[in-house]
Amino acid sequence: MERSPTLHDGFQARARIQPLIRETPLIPSPDLADRIGARTLHLKLECLQHTGSFKVRGAANKILSLTDEEKDRGVITFSTGNHGKAVAYVAGRSGIRAVVCLSEHVPEYRAEAIQALGAEVSRKGKSQDEAEENYRELRISRGLIPVVPFDDPLIIAGQGTIGIDILKNLPNTDILLIQLSGGGLLAGIAMVAKSIHPNIHVVGISIERSPAMLESLKAGKPVPVEEKNSLADSLLGGIGLDNRYTLPMVEQFVDEHLLVTEDEIKAGMVYVFEKHRLVVEGAAAVGIAALMHRKIDVSGKNAVTVLTGSSVESEAYVRILREGLF
Ligand SMILES: *Cc1c(COP(=O)(O)O)cnc(C)c1O
């Protein structure tokens, strides 16, 4: 597909990926709703999705859309995180060969998790850039089909299925607070939401440490980012210097942008554990973080945010809880 996805593509994606994904719960968060004066606040629990994040939606839509000849060749990606796991899972479940390229610095447990899902891990290079070089070489020499993490119409449509699920269950939603990194998630959900209810207010949440999309929107073109760390590591990274889809879609469909700090993210993670007994990674908690810290007025509104994933390393998580609770 060589054009931006539409609502129709979202509905097609929803039917296509249904056998490979879990229909995750959408639960109320009455305590936080009261505190901030929202009429209601709901959380979409993609942290309970297969592989621990929503990324399986986009990966499934892309991989299941390949031709038989492409499926026979196999797929390749270079993501270290949730996208790599999602590609491995979908390919494994569909009997398709998958190669995930990682640098030598990616921790062994991540490589093992990807291998356990049935993918081949190719470890080469000292940095993410060198892993990407290996990816390009293997893609060509082995004729594999690339499955990129966000800038692909089928990936965007797949992530947009979350918006369809939310509006089917909560048609009176007034405001959506959605994480923003590469923009596949936000572009997909915003496109779907605006197509169904043009009056829904769609807010993107970026991290102060790495607001790649915001800087690109300001510059009017993709800008490169520095490598940094964050508690919300799934939101790190640039939008790709050859970005074609997510930048224009975020520009078109998103109403407002907010930024959250590391301390705010930590408070959000602790809150989700304390009130909901759910383990989420930093990236998942940024919507909660923005609401808790009153970065936006939601009084009288029906608000929804997505808990996008649960990939947090145990020791780091325990440390965050300890620091946050005592
Ligand atoms: C990938 C990811 C995001 C951000 O999605 P983009 O499409 O890159 O904007 C948010 N949360 C989690 C847990 C993710 O894995």
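## Ligand surroundings and domain interface

In this predicted model, the ligand is surrounded by 15 residues, the closest of which are Lys55, Asn82, Gly183, Gly184 and Thr308. Three residues place an N or O atom at the distances listed below from an oxygen atom of the ligand; Lys55 does so through its side chain, whereas Gly182 and Gly183 do so through the backbone.

| Residue | Part of residue | Distance to a ligand oxygen atom |
|---|---|---|
| Lys55 | side chain | 2.7 Å |
| Gly183 | backbone | 2.8 Å |
| Gly182 | backbone | 3.0 Å |

The chain is divided into two domains. Domain 1 is made up of two segments, 7–54 and 152–325, while domain 2 covers 55–146. Lys55, whose side chain has an N or O atom 2.7 Å from a ligand oxygen atom, therefore falls within domain 2, given the assigned bounds of 55–146. Gly182 and Gly183, which approach ligand oxygen atoms through backbone atoms, belong to the segment 152–325 of domain 1.

The C-alpha centres of domain 1 and domain 2 are separated by 24 Å. At their interface, 30 residues of domain 1 are in contact with 21 residues of domain 2. The area buried between the two domains is about 2000 Å², and carbon and sulfur atoms give 54% of this area.

Charged and polar pairs also occur across this boundary. Four salt bridges are counted between domain 1 and domain 2. In the pair formed by Asp165 and Arg57, the closest N and O atoms are 3.3 Å apart. The interface further holds 14 residue pairs in polar contact, with both residues at pLDDT 80 or more. On the side of domain 1 that touches domain 2, the elements giving two or more residues are α1 (7–17) and α8 (153–169). Helix α8 gives the most, with eight residues. The residues on this side of domain 1 comprise 10 nonpolar, 10 polar and 10 charged.

Over the whole structure, a search finds 17 salt bridges. Lys275 and Asp31 form a salt bridge whose closest N and O atoms lie 3.9 Å apart. This pair links distant parts of the chain: Lys275 is in helix α12 (residues 262–276) and Asp31 is in helix α2 (residues 30–36), with the two positions 244 residues apart in numbering. Both Lys275 and Asp31 lie within the bounds of domain 1, which takes in 7–54 and 152–325.

Key:
Residues are numbered from 1 along each chain as its sequence is written. This is a predicted model: local features need pLDDT of at least 70, side-chain atom pairs count only at pLDDT 80 or more; totals for chains, interfaces and linings use all residues. Side-chain values use heavy atoms; hydrogens and water are left out. Contact means heavy atoms within 4.5 Å. Buried area is the accessible area (1.4 Å probe) that two parts lose on being put together, summed over both. A salt bridge is a side-chain nitrogen of Lys or Arg within 4 Å of a carboxyl oxygen of Asp or Glu. A polar contact is a pair of N or O atoms within 3.5 Å; within protein, one must be able to donate a hydrogen and the other to accept it, and residues adjacent in sequence count only if both atoms are side-chain atoms. Helices (H or I, at least four residues) and strands (E, at least two) are DSSP runs, numbered from the N terminus. Ala, Val, Leu, Ile, Met, Phe, Trp, Tyr, Cys and Pro count as nonpolar, Asp, Glu, Lys and Arg as charged, and the others, Gly among them, as polar. A residue is near a molecule or strand if one of its heavy atoms lies within 4 Å of it.
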